[in-house]
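I set out to record what I looked up on cysteines and helices. The entries follow the order in which I worked.

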Amino acid sequence: MKVAEAVGRALTAAGVDHVFGVVGSGNFHLTNAMVAAGARFVAARHEGGAATMADAYTRTSATVAALSVHQGPGLTNALTGITEAAKSRTPLLVLAAEATAQHSNFRVEQAVLAHSVGAVSARLTTAHDAVDQARAALRRAVHERRTVLLNLPLEVQALDVPAGISLDAVPLPGPEPVEPSERAVADLVRALERARRPVFVAGRGARTPAARDALTALADRHGALLATSAVARGLFHGSPWTLDVSGGFASPLAAELIQGADLIVGWGCALNMWTMRHGNLIGAGATVVQVDDDPEALGAHREIALGVTGDVTRTAVRALEAAGEERDGYRAPDVAEALAARVRWRDVPYEDESTRDRIDPRTLSIALDDMLPAERIVGVDSGNFMGYPSAYLSVPDQDGFCFTQAFQSIGLGLATTIGAALARPDRLPVAALGDGGALMSAVELDTVRRLGLPMVVVVYNDEAYGAEVHHFGPDGHPLDTVTFPETDIAAIARGYGFEAATVRSPADLKAVADWVAGPRSAPLLVDAKVTRDHGSWWLEEAFRGH
């Protein structure tokens, strides 16, 4: 048996059940070995899309997926998606064939590429050790929550594995949760007991049902309001005390209440410039506490009064065990009344700016929120438009929103939604894209159709890179480089086998209602021609901080 086959079989036996990629000569045998061993291979049309699909699948399923790419250009094509995964600390295994011959046209310093974007690398070196080295790379991805590039030199892949190498399943236990110190828990409890208006902000490190339940119970004990970073959106869905998202996407009421807090506790949350609006959501005199199982994360983005090194769930449970009697805290009757009436963006009054030819993105988003089934999973691309689907389309829980924005790359939204949809096939996948991101990733419309995903792709189409238009336009700069002629994206989608609708007014959304009603025999793309007179509120907030 060759090394390529042995490694593929061993990784599948160790629990890698989904592999995303584009197959070339260098990763052909490895990928086929994984499929033969029972893994599902998802063929993308571009390695960049495959990388983001694998990232989103891993985030949503909480299992490690693999990305399989050809040597050289296969890896470089995937690099943006790998960078997003690495910056997000997604435990992802990248299986990259490697050309080591000095004069090979495929040769690049693949390990250097990995390190340059924040991933870590490993390499197969001998036939005798190859299986153990592959398992070690997978173990590191899981235990350290890192994106690991495993380089597979072509000459090593072709070697014969010595007899007696076991390919049987080797248990791969997850990392042990970090237990907080008693002193840190006591300090946290004292801070909570002193607070009159506490707010919890949960992030990526709290995206589990166990963490949600522990945080909700602790918040009930101390009267805390509940918010999330964008990546954890939906975690507290259904709670009467949720503020939804903190940061640029926060509603006016949510921002007001967070600014009024005298204690802000970040739970597995970086409290970065986006989540805290460059610090503007932290009121004068407010105490800031951060809980994270990575000590290097504590205080990395802003000054904190207390840092607790510990697993979110364990820390919240320990704090609840040490807490005293239940307190009202921030949960006054007037706050409850306000939250019930206007914490959602869709409940904030606005003047509809729709015209005969273009629909207001707020009007569009509210209508879609009403039409689409509540059991959904929403993926969002980057751009001026992104606040509208992020804030107006409700999601049922933390698995209902997949937000690949650590690198802020345009063009990841469609692949994000594909990966998340494969992890949650019980939900309707909704991809929200700008026209720039949609055209950049249009090749993956073929993947949606080929996989038979009942997806709704909504394109907020302003025929421009709207962020740049609204950032530079007011100062009189020429905008020819960031504006484009009208494109019939609906026609492009039909070419890929989609049903499609062009939407210029609410009446045009009947096509969406008809599709939802069934039979949904093909995915649907909505080419929404949205108004474009000014920038979105969240982008104005972001630019205000620069």
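Entry 1, cysteines. I call a residue buried when its relative accessible area is under 20%. The model I consulted is a predicted one. I looked up Cys-269 and found a relative accessible area of 3%, so I noted Cys-269 as buried. Cys-402 also has a relative accessible area of 3%, and I therefore entered Cys-402 as buried.

I then asked how many disulfides there are. With a cut-off of 2.5 Å between cysteine sulfur atoms, I counted zero disulfides. Cys-269 takes part in no disulfide, and its nearest cysteine sulfur belongs to Cys-402, 17 Å away. Seen from Cys-402, the closest cysteine sulfur is in Cys-269, and I recorded no bond because 17 Å is too far.

Entry 2, helix 3. I located helix 3 at residues 47-61, which makes 15 residues. From its first C-alpha to its last, helix 3 reaches 21 Å, close to the 21 Å expected at 1.5 Å a residue. I checked its cover and found 14 of the 15 residues of helix 3 buried. Just after helix 3, I noted that Ala-62 has a positive phi of about 60 degrees.

Entry 3, helices 9 and 12. I examined how helix 9 (residues 182-194) packs with helix 12 (residues 312-322): the angle is about 65 degrees and the axes are 9 Å apart. I recorded the crossing of helix 9 past helix 12 as right-handed. Which residues meet there? From helix 9 I listed Val-185, Leu-188 and Val-189, and from helix 12 Thr-315, Arg-318, Ala-319 and Ala-322. I sorted the residues of this contact into five nonpolar, one polar and one charged.

Technical notes:
Residues are numbered from 1 along each chain as its sequence is written. This is a predicted model: local features need pLDDT of at least 70, side-chain atom pairs count only at pLDDT 80 or more; totals for chains, interfaces and linings use all residues. Side-chain values use heavy atoms; hydrogens and water are left out. Buried means under 20% relative accessible area, exposed over 50%, partly exposed in between (1.4 Å probe, protein chains only). Helices (H or I, at least four residues) and strands (E, at least two) are DSSP runs, numbered from the N terminus. The expected span of a helix is 1.5 Å times one less than its number of residues. Axes are lines fitted to C-alpha atoms, for helices over the stretch in contact, and angles run from 0 to 180 degrees between N-to-C directions. A crossing is left-handed if the near helix is turned anticlockwise from the far one by less than a right angle, and right-handed if clockwise. Contact means heavy atoms within 4.5 Å. Ala, Val, Leu, Ile, Met, Phe, Trp, Tyr, Cys and Pro count as nonpolar, Asp, Glu, Lys and Arg as charged, and the others, Gly among them, as polar.
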